[in-house]
Amino acid sequence: MTTKTIELDLFQENIKHLSTDELGNFIAITSRNRIVLSDRTIPLELGVDIVMAKIINEEKILIVLHHSTSIENALIIDYTGRSYARFNIGTSINDIKINGKKIIVSYFDEGVLRGDKPDCDALAVFNHKGEQVFGFNSGNVQNPLIDCYCAANLGNGKIVFNGYGNFLLQELDLNNFNLASYKIPPLCIGARSVSAKADNIIFHSTYEDKTSFFIWNLQTDEFYSIDSEFKNLQSTENGIFYQVNRKSFTIINPLES
């Protein structure tokens, strides 16, 4: 396992939210609601209260607003702050993943049980216009999720996700929205974070073990664990996880030695 800590140049403010890719290209929201990016020397200040943000591509970013005056609480903007789309992304967001031209959002049980769209779908997919193009629970009335614990990009336009309800690993093809399901190894049930590399699905923070990594190969069914001392990790691409601190974050690669 290898780790790398990246320090942010913050003075009298801390990290409120941060997301990164496997290379450490990050976007952070500070306690002063400034948007700090790894490849920009000047922070972006929009004058709004921001909950979270994700880099969409080299031209656009997604931001989610806190206590928006409108039901449309998400903005797709460029790096100057110019808005391209505004839409309702929900309020009980667990995580957001970007996969090509799709935005994938997972939701906590509080939003699913409240019954409002899009949260009630447990996992929703949006395009870059902010239009919802898929909702898991809407198409799975007999076998819904109550809480989407985690999601990861699998490659080839696919994602995997699972949660409380049916406890299966769901594989979703974002090109045609076909679903496939896999029975999860018992030790992986309840995982709060997941990443994928090739055919390996890496789980972290399960019901029974809050610190170990569990590696499961979808093709060969090989299964093993890696001990660690990390808790409450977030996931990014290619089997990488990260932990956010007050003024820094640490990238963890459990498969690298």
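**Exercise 1. Place a cysteine.** In which strand is Cys150 found?

*Solution.*
Step 1. The model is predicted. Cys150 is found in strand β14.
Step 2. Check the burial. Cys150 has a relative accessible area of 3%. The cut-off for buried is under 20%, so Cys150 is buried.
Step 3. List the contacts, leaving out residues up to four places away in sequence. Cys150 touches Asn94, Val160, Phe161, Asn162, Ala191, Arg192, Ser193 and Val194.
Step 4. Take one of these partners, Asn94. Cys150 and Asn94 are 56 residues apart in sequence. Their C-alpha atoms are 7.8 Å apart in space.

**Exercise 2. Describe the whole chain.** State how the chain's radius of gyration relates to that of a compact globule.

*Solution.*
Step 1. Count the elements. The chain has 1 helix and 24 strands.
Step 2. Apply the globule rule. For 257 residues, a compact globule would have a radius of gyration near 18 Å. The chain has 18 Å, so the two agree.
Step 3. Add the extent. Along the principal axes, the C-alpha atoms fill a box of roughly 50 × 45 × 30 Å.
Step 4. Add burial and surface. Of the 257 residues, 51% count as buried. The exposed area is about 12,300 Å², and carbon and sulfur atoms supply 46% of it.
Step 5. Look at contacts between residues at least 6 apart in sequence. Of these, 40% join residues at least 24 apart.
Step 6. Finish with charge. There are 23 positive and 31 negative side chains. The centres of the two sets lie 5 Å apart.

**Exercise 3. Find the nonpolar cores.** Which residues have the most contacts inside the largest nonpolar core?

*Solution.*
Step 1. Recall the background. In soluble globular proteins, nonpolar side chains tend to be buried together.
Step 2. Name the hubs. The largest core has 31 residues, and those with the most contacts inside it are Leu62, Ile89, Ile96, Ile103, Leu123 and Phe161.
Step 3. Map the core to elements. Those giving two or more residues are β7 (60–65), β8 (74–78), β9 (83–87), β10 (93–99), β11 (102–107), β12 (123–127), β14 (147–155) and β15 (158–164).
Step 4. Separate the other core. Apart from the largest core lies another of 16 residues, among them Ala152, Leu154, Ile184 and Ile201.
Step 5. Examine one hub. Beyond four places in sequence, Phe161 touches residues including Leu123, Phe136, Leu145, Cys148 and Cys150. Its partners also include Leu168, Leu169, Leu172 and Leu179.

**Exercise 4. Trace the surroundings of Ile15.** Is Ile15 buried or exposed?

*Solution.*
Step 1. Locate the residue. Ile15 lies in strand β2 (residues 15–20).
Step 2. Read the accessibility. Ile15 has 12% relative accessibility, so it counts as buried.
Step 3. Find the partners beyond four places in sequence. Ile15 touches Leu8, Leu10, Ile29, Val244, Asn245, Arg246, Lys247 and Ser248.
Step 4. Add a distance. Ile15 and Val36 are 21 residues apart in sequence and 9.5 Å apart in space, C-alpha to C-alpha.

**Exercise 5. Inspect the backbone.** Which peptide bond is cis, with omega near 0°?

*Solution.*
Step 1. Set the expectation. Most residues other than glycine have a negative phi, and most peptide bonds are trans.
Step 2. Identify the bond. The one from Lys117 to Pro118 is cis. Pro118 lies in the loop between α1 and β12.
Step 3. Look along that loop. Asp119 is found there too, between α1 (109–114) and β12. At 3% relative accessibility, Asp119 counts as buried. Its contacts beyond four places in sequence are Gly90, Thr91, Ser92, Tyr107, Gly111, Val112 and Arg114.
Step 4. Turn to positive phi. Ser205 has phi near 60° and is found in the loop between β19 (200–204) and β20 (213–217). Asn232 has phi near 55° and sits in the loop between β21 (223–226) and β22 (234–235).
Step 5. Set their burial side by side. Ser205, at 7% relative accessibility, counts as buried, whereas Asn232, at 65%, counts as exposed.

**Exercise 6. Characterise a loop glycine.** What does Gly165 contact, leaving aside its neighbours within four places in sequence?

*Solution.*
Step 1. Gly165 is found in the loop between β15 and β16 (168–173).
Step 2. Gly165 is in contact with Pro144 and Ile146.
Step 3. With a relative accessible area of 38%, Gly165 is partly exposed.
Step 4. Gly165 and Glu45 are 120 residues apart in sequence and 40 Å apart in space, C-alpha to C-alpha.

Terms used
Residues numbered from 1 in each chain as written. Predicted model: local features only at pLDDT ≥ 70, side-chain atom pairs only at ≥ 80, totals over all residues. Heavy atoms only, no water. Helix = DSSP H or I, 4+ residues; strand = E, 2+ residues; numbered from the N terminus. Rg over C-alpha atoms; globule rule 2.2 N^0.38 Å. Buried < 20%, exposed > 50% of the residue type's maximum accessible area, 1.4 Å probe, protein only. Contact = heavy atoms within 4.5 Å. Areas by Shrake-Rupley, 256 points an atom, 1.4 Å probe, with all protein chains shown as cover. Lys, Arg positive; Asp, Glu negative; His and termini not counted. Charge placed at Lys NZ, Arg CZ, Asp CG, Glu CD. Core = buried A, V, L, I, M, F, W, Y, C linked by side-chain atoms within 4.5 Å.
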